[in-house]
Amino acid sequence: MDILIYGIINSVMLALMALGFALVYGTSRIPNFAHGAIYVLCGFVAWFFVRSLELNYLLSVILSLLLIGLLGALIYRFVLIRVRGMNISEIIASYAIGLAIIETLRWGGFKGTTYTLPVIIEGGVMIGDIPVDYQRIFVVILGVAVVAFLWLFTHYTRIGLALRGMAQDERAALMLGIDSDTMAVVAMAFGCMLAGFAAIVILPLGNIVVEKGYDVLIQAIAVCIVGGLGSWMGAVLAAFIIGFAQILTTVYLGPQFQMVVAFLAIILTLILRPSGLFGQQKELEERV
Amino acid sequence: MNMENRRKERIDRGIKVRSDGLYALMGWQELCYLTLPRFVLIAGLLALPLIMPGMYWPRVITIVCIYALLALSFDFLAHFVGLVSLGGAFFIGTGGYLAAILNTSFGMHPMLAIPIATFAGAIICTILLLPCLPLRGVYFAIVTLMYPLVLARIIEALDIFGGTDGILGVDSFPNAWLEQYFVIIVLLLFVFGARRLVNQDIGLVFRAVKDNDQAVRASGMNVNTYKAAAVFIASAMGCFGGACLVHIYMWGGISLFALDFSILPIAATVIGGAGTLVGPVLGCLILVPISELLREFGTLRIVFYSLILVGFVVFRSEGIMVYGEQKYHQFERWVKV
């Protein structure tokens, strides 16, 4: 029973972490290696608003999300746009940006127990005989809400449809008058906001640690690869597979093997089925 | 005259015939002209330990050479075989741990442990990377980025090879001169060896794998065999660096898998000139001393070279070496359009 409940919670967390990465890669084919760094950064920005400036919780969440979205847009507009289409440079540039963010934070000495975000509602509840705190329940609810929102957004709004169009066929989208660069900026901003949102929801469960940046990046990539790079529904499903696998290993082997699970998932998927469970790319394009 | 009507024309100097690497020499002056840059590199590297004062800077030179080996292996893999490997630390870690184990557990002399660790480490790295070889581009980069992180985790989790404390009590080199010249000479051998290699038949196949692997496949050659061979060569360079590093620091531990070893060589390659094989060495000669000078800023130096990296990738992606080659081998003049 507790495996089921915590498995669901863990899976939803993974999905939240991965959606931003999947969105950016799906739309603009840029692997955003700065994803984990953005996640951590948003945690600290929110911390700054809530704890240092002592703003209203909701206000500071909105402010930090907007800031992070803006940052993502700027990163794309001024750096990534120039290297788009060059695989090696895309990876190096985004990875370097991520490193710069993370290491700046580390240099600033942001560590220790002082850096915590407030939970939405204190306390917990018993489901059956397992204690679950409200924040974890909120994570699940908000995670489902985000997925639902994304689905509605990409199916019923002009921007969302444009994003999907670009994801499917960039040239055709260009011909229909969709400006691919503008859309990529939008996607990047959205992706970063999703990462930030995940941070704000998940980070109250523990301290904000800089090293989380790498973990989040690895987990997001694991989920996206298993689900198929560029497929959002695949990412959600893969989040559940990896989430449960992680909880199972934690219960039966010990928590230090969590990352190894993510890694093995990546390797196995890449060897057996490189396009992932729901990958839309042709197999030939990605492996010889 | 206004700018729109002019453009810069570049003309190769007379000694260069038809293609790169094919020259027509008309006399000893031209021979000197051609060999001067190579001579400067070799003599410069060999002279470095002699002109460096004190105890500290000679050590830095050795570190420079180790990073240069890593950068060379990155450049070779990325720009001649098309495998972008973000995991230089993986090679360093494997070679380092092997050398440390050989030295402490089996009591091997450093000069024996290093070659064995280089060779065995390259085999291990190749075998571990074998499943990922069919991947390309982003996918290979992602996987190689994870290898060092996960290996460090596994060593931590299983508490093998000394766990978080690392392996203590590794022998150092017999003397400081041997240490420096050994690394420098091996670096030079690898640099010129790699430059040779990429112009041999196998090098042509490597480049074909990068540019169009379907064509290679259509020619009846197994792409993965060639990729494995390339990974073996590249990881041998990295493992050698790792093995030397362990003997220099007299300690091997999880920090061998640190991100420094992954990011700095890439930065050096981008700055020095990607795809030139000498550029990475130059890049390291510039970057590593700077980063040593910045040591007191702690992790801020990683920020520093990440930013340089972004700047170079975005604005000057050809690097110093290509720029220098243009200036050295070509005339430039303004012509009317």
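## The nonpolar core

A nonpolar core is a set of buried Ala, Val, Leu, Ile, Met, Phe, Trp, Tyr and Cys residues joined through C-beta atoms within 7 Å. In this predicted model, the largest such core holds 210 residues. Seven of its members touch the most other members. Chain A supplies Ala18(A), Val223(A) and Ala235(A) to that group. Chain B supplies Tyr67(B), Leu72(B), Ala267(B) and Leu309(B). By element, helix H8 of chain A (residues 180-202) makes the largest contribution to this core, with 18 residues.

Take Ala235(A) as a case. Leaving out residues up to four places away in sequence, Ala235(A) touches Ala15(A), Ala18(A), Leu19(A) and Ala22(A). Ala235(A) also touches Val223(A), Cys224(A) and Gly227(A). Two of these partners, Ala18(A) and Val223(A), are themselves on the list of core residues that touch the most other members.

## Where the chains meet

The contact between the chains involves 39 residues of chain B and 35 residues of chain A. On the chain B side, four helices each supply at least two residues: H5 (137-158), H8 (213-218), H10 (260-272) and H12 (300-315). H5(B) gives the most, with 13 residues. The chain B side is made up of 29 nonpolar, 5 polar and 5 charged residues.

## Two helices of chain A

Helix H2(A) covers residues 35-52, 18 residues in all. Its first and last C-alpha atoms are 25 Å apart, close to the expected 26 Å. H2(A) is largely enclosed by the rest of the structure, because 15 of its 18 residues are buried. After H2(A) comes Glu54(A), with a positive phi near 55°.

Helix H11(A) covers residues 258-272 and has 15 residues. H11(A) reaches 21 Å from first C-alpha to last, close to the 21 Å expected. Its buried residues include Met259(A), Val261(A), Phe263(A), Ile266(A) and Leu270(A). Gln258(A) and Thr269(A) are also among the buried residues of H11(A).

## A buried glycine in chain B

Gly166(B) sits in the loop between H5 and strand E2 (167-168) of chain B. Is this loop residue buried or exposed? Gly166(B) has 20 C-beta neighbours inside 10 Å, so it counts as buried; the cut-off is 20 or more.

Beyond its neighbours within four places in sequence, Gly166(B) is in contact with Trp251(B), Gly252(B), Gly253(B) and Ile254(B). Ser219(B) is 53 residues from Gly166(B) in sequence. In space, the C-alpha atoms of Gly166(B) and Ser219(B) are 48 Å apart.

Technical notes. Residues numbered from 1 in each chain as written. Chains lettered and ligands numbered in written order. Predicted model: local features only at pLDDT ≥ 70, side-chain atom pairs only at ≥ 80, totals over all residues. Contact = placed C-beta atoms within 7 Å. Nonpolar A, V, L, I, M, F, W, Y, C, P; charged D, E, K, R; others polar. Expected span 1.5 Å × (residues − 1). Buried ≥ 20, exposed ≤ 12 C-beta atoms within 10 Å, placed from the backbone.
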